[in-house]
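Here is a short report on one protein model. It looks at enclosed space and at one helix.

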Amino acid sequence: MARPTNHYGLILAGGRGTRFWPRSRRAHSKQVLRFLGERSLIQQTVDRLSPVIPPDHLWILTNDHLRNEIVSQLPEIPKNQILAEPAQRNTAPAIGLAAHILQSIDPGAVMGVFPSDHVIAKPERYLRFIRPALRAAAGGKIVVLGIQARWPETGYGYIEFPKNVQAGTREPVPVRRFREKPDLKTARRYVKAGNFYWNAGMFFWKTSVLLDALREYLPRTATLLSSLPEFSNRRFAAKLNEAFPHCENISIDYAVLEKSPHVVGFATDDFGWNDVGSWNAVYELLAQDVNGNVFRGEALARASSGNYVDAEGKLIALVGVNDLVVVDTPDALLIAARSRSQEVGEIVKELEKQHHHLL
């Protein structure tokens, strides 16, 4: 079956991945790192979308620090479709900008929005939801994908579906409500109820529908974006640099999804989704030896188990230590309890306060 020519994808790649310091830096952040195999996370994102959205229909929004590396890693995507935002303004202005550009190129454009730094272990099953999501969006719906909750996670927002929702259905169902990140007691209740799904940040809509929603719910930002000339205009970049920093700093969830009465979603079943949120998540995704250790590089271990060691080009010896993360780079060394690897981002905040060069 031929792919519709009016389907486009936006890959959001502006994040810094601070929980992966010291491997992740401003100019070489999480999305361009090769945690799993020979392809980086953003390369894997492009690879799995290619059966439904070809690379020449993909657009990437990133920042000035990362753009050159992404251009280098993704030669199959036209260079002018890899844009650096003039300022960080969260997802609503970023997605609105992409919708404005696509609308000026193709008034019938249907777009999907995808994170650049997630892992999907079952890409063929994943595409069984992407295709109907794009079809539903082409019909004028605002569409989200919900990830079936596997444990009471407090770090994700939730999508509340009707009580009788069945995981894996290929038909969109109305979204009752979006829920913010819950406390543990509430998260347990969500999982037990069975109709609360994780919000993984994957959305679908016609560009015209999204722009109409922004005009209704975020008029100031919508006005700024509508003031931009067409993308082909030679003044586009200069006007973007003027207008974009004045857009509101707000997520698409707050700006549109939580307000619109026209949102539907897919309650997906397991396609191997993982947001790879910490070094511990990388550890759990990789093959472990008989003692539960993961080594990237040469290592010797005695009476040690459950460790993740990333120290390529250097021999690391472990004696009598358990459940550690060790990440060695030429100018920095991280040693952390694996159970507390989510806290690595706090180190980056401290370095920022010190105006440190290791960012």
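About 30 Å³ of space lies in the second largest cavity. The model is predicted. Residues lining this second largest cavity are Thr45, Arg48, Phe114, Pro115, His118, Ile120, Tyr126 and Met202. Two elements, α1 (41-49) and β4 (110-115), each supply at least two residues of that lining. Five lining residues are nonpolar, two are polar and one is charged.

The structure holds two cavities of 30 Å³ or more. The largest has a volume of about 50 Å³. Arg16, Thr18, Trp21, Ser24, Arg25, Arg26, Val348 and Leu359 form its lining. By class, that lining has three nonpolar, two polar and three charged residues.

The table sets out the two cavities.

| Cavity | Volume | Nonpolar lining residues | Polar lining residues | Charged lining residues |
|---|---|---|---|---|
| Largest cavity | about 50 Å³ | three residues | two residues | three residues |
| Second largest cavity | about 30 Å³ | five residues | two residues | one residue |

Val348, one of the residues lining the largest cavity, leads to the next topic. Helix α11 spans residues 344-353. Which of its residues are buried? Val344, Gly345, Val348 and Leu351 are. These residues lie on the same side of α11, because they cover an arc of only 110° around the axis. The cover over the buried residues of α11 includes α10 (279-285) and β18 (332-337). After α11 comes histidine 355, with a positive phi near 55°.

Technical notes:
Residues numbered from 1 in each chain as written. Predicted model: local features only at pLDDT ≥ 70, side-chain atom pairs only at ≥ 80, totals over all residues. Heavy atoms only, no water. Buried < 20%, exposed > 50% of the residue type's maximum accessible area, 1.4 Å probe, protein only. Helix = DSSP H or I, 4+ residues; strand = E, 2+ residues; numbered from the N terminus. Arc of directions from axis to C-beta. Contact = heavy atoms within 4.5 Å. 1 Å grid on protein atoms, 1.4 Å probe; cavity = no way out; pocket = protein on both sides within 12 Å on 5 of 7 lines; lining within 4 Å. Points joined across faces, edges and corners; volume = space filled by probe spheres on them. Nonpolar A, V, L, I, M, F, W, Y, C, P; charged D, E, K, R; others polar.
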